[in-house]
Amino acid sequence: MADTRIRAGAGALPAWARLPLAIASGAMLGLGQAPWDLPWLALAGLVGAVAMFASARSLKGALGAGWGVGLGYFGLVLGWVIEPFQVDAATTGWMAPFALFFLAAGLALFWGVAFWGAAHASLRRRLFALAVCWAAAEFARSYVFTGFSWALVGAFWLETPAIQWSAVIGPHGLNVVTVGLGALIVGALRARRPLVPGLAAVVLLGALIGGGMALTPPLQDLTGRPVVRLVQPNAAQHEKWDRAHMQRFFDRQVEFTAEPAQNGLSRPALIVWPETAVPTLLNNADELLGVVTDAALPAKVALGIQREDDGRYYNSLVIAGLGPRIEAIYDKHHLVPFGEYMPAPGLFRHIGIGGLAQRAASGYAAGPGPRMVDLGGDIGLALPLICYEAVFPQDTRVAPLRPALLLQVTNDAWFGSFSGPYQHLAQARMRAIEQGLPLVRAANTGVSAVIDGAGRVLDSLPLGEAGFLDGPLPPPLRVTPYSRVGDLPALAGLFLLGLAAFLRRRCVSY
């Protein structure tokens, strides 16, 4: 009887109310992401989203519910997308609301298709099918069209112990478990006999939190560890490339580099400047790099700079020693569409849109792929990540060698001062957890931070402040299961679960 009332009540919602409720559920789910960090409210939003699916009376209704949930989620979480268009508001400001809407609406299609696909399962298996299809959609979002795995649904556990499971099952495995938990809760609310799904939900939630606590590594002893200095010039994006201000920002970074050691620590072994920190091409930067390396002596410097090679421009990170001597160059390989390169540049030139790409008609060229750089001494190998590359779990796995740290340089001035920089930091923390490696990040306007292999921010510079930070570099933690096997087990698991959801004749009923 109770099940009949719930179904009737949900099904009785007028058509005009269903999309707003789906959007509201998605927005509530989005509140689990930074800077809000409200995981339990996000879990309530997830339950609401699953309930919207469960009450859909047709394939079209399921598609609409999923798209509405995605629109609310991405519309809230990706609100920072309007910020890059405001740097030159007179030229590109008009694009901002269209960019946010079409990006959110486009990404929401992944979720809409997932809900539509799950609705093809039998009534007894629909909630199980939704967990599989939604997680598969998040997997596809991470890879299709170069991928955009920003704010995966399972990431709302970041401020809870449950996030440590990503070191074992990876972010996509955590997505399956997260949506599965929501499905069990809704199943218990709708079932005539709620004991089994309700108990399963309690056990799963307990395993997430309790198991995560057991998986959380203890704080490490950092005595005697090499010191890293992070330099944060706080160059506003509208001034960063202004000739009236470039020298001031460069001099500020040199001044921070030359400062004596802080907090009783030894002199830094490595000094890190942010993305595109030097206001000239590497091809013409010998004099400026000489100033930098003299100030850093005896430390090496890792810094972001642009370079040109045979008419192609690269967003690069270089390791510079005294001389200056360029010891290593890494060219960013995972580029941001419209931000760093223009897909189909001829088409967009024809309609008068030049994008935000920084160099040449179609922006930067992509580097050959992930590679490690040797920082020598007591530090060892580092895997460089430039800006948005820290968003992709797959970009932090480079076989056969394991680095000693992840090294991120970024310019988050593009992301504004509210949600974008904090979400970017959150995703860097997840990469550290997945790999069991420390991550150091130098960000132009912040947040620059030293992060250990458990994803803890050990020290940081606040957003919007100029300064520098000296901190001991944490050692690597254990080799995590995810760092060994990557996403392949999650993909295989999704395939097998999909077979169980759509091909098996009998399945547990909620």
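Which residues have the most contacts inside the largest nonpolar core? The close-ups below, all taken from a predicted model, start there.

**View 1. The largest nonpolar core and its best-connected residues.** This core has 96 residues, and those with the most contacts inside it are Leu 29, Leu 78, Trp 111, Trp 134, Trp 150 and Val 272. Helix 7, residues 96-118, gives the most to this core, with ten residues. In soluble globular proteins, nonpolar side chains tend to be buried together.

**View 2. Leu 29 and what it touches.** Leaving out residues up to four places away in sequence, Leu 29 touches Ala 42, Gly 45, Leu 46, Tyr 73, Trp 111, Trp 134, Val 153 and Phe 156. Trp 111 and Trp 134 are also among the residues with the most contacts inside the largest core. For those scanning the rest of the model, there is a second, separate core of 20 residues, and it includes Val 254, Ile 271, Ala 299 and Val 318.

**View 3. Strand 1, covered on both faces.** Six of the six residues of strand 1 are buried, so the rest of the structure largely encloses this strand. On one side sit Val 227, Arg 229 and Val 231, and on the other Val 228, Leu 230 and Gln 232. What are the strand's partners? Strand 12 runs antiparallel to strand 1 and is joined to it by six bridges, with Val 228 standing opposite Gly 471. Strand 2 runs parallel to strand 1, and three bridges join the two.

**View 4. Arg 229, an arginine inside strand 1.** Is Arg 229 buried or exposed? With a relative accessibility of 0%, Arg 229 counts as buried, because the cut-off for that is under 20%. Its bridge partner in strand 2 is Ile 271, which also belongs to the second core. The side chain of Arg 229 reaches the backbone oxygen of Thr 257 at 3.1 Å, and Thr 257 is itself one of the buried residues of helix 12.

**View 5. Helix 12, its N-terminal cap and its buried residues.** Helix 12 covers residues 243-258, and those 16 residues should span 22 Å at 1.5 Å a residue; the end C-alpha atoms are 24 Å apart, which agrees. At the N-terminal end, Asp 242 acts as the cap, with a side-chain oxygen 2.9 Å from the backbone nitrogen of Ala 244. The buried residues of the helix are His 245, Met 246, Phe 249, Phe 250, Gln 253, Val 254, Phe 256 and Thr 257. Among the elements covering them are strand 1 (227-232), helix 11 (237-240), strand 2 (270-272), helix 13 (286-296) and strand 12 (467-472). One of these buried residues, Val 254, turns up in the second core too.

**View 6. Arg 431, a buried arginine in helix 15.** Helix 15 runs over residues 420-435 and holds Arg 431. At 2% relative accessibility, Arg 431 is counted as buried. What does the side chain of Arg 431 find there? A polar atom of that side chain lies 3.0 Å from the backbone oxygen of Val 391. Setting aside neighbours within four places in sequence, Arg 431 is in contact with Ala 390, Val 391, Phe 392, Pro 393, Thr 396 and Leu 406.

**View 7. Two buried cysteines.** Cys 133 is buried at a relative accessible area of 15%, and Cys 387 is buried at 8%. As for disulfides, the count comes to zero.

Terms used. Residues numbered from 1 in each chain as written. Predicted model: local features only at pLDDT ≥ 70, side-chain atom pairs only at ≥ 80, totals over all residues. Heavy atoms only, no water. Helix = DSSP H or I, 4+ residues; strand = E, 2+ residues; numbered from the N terminus. Expected span 1.5 Å × (residues − 1). Buried < 20%, exposed > 50% of the residue type's maximum accessible area, 1.4 Å probe, protein only. Contact = heavy atoms within 4.5 Å. Polar contact = N/O pair within 3.5 Å; in protein donor to acceptor, adjacent residues only side chain to side chain. Disulfide = S-S within 2.5 Å. Pairing = 2+ DSSP bridges. Core = buried A, V, L, I, M, F, W, Y, C linked by side-chain atoms within 4.5 Å.
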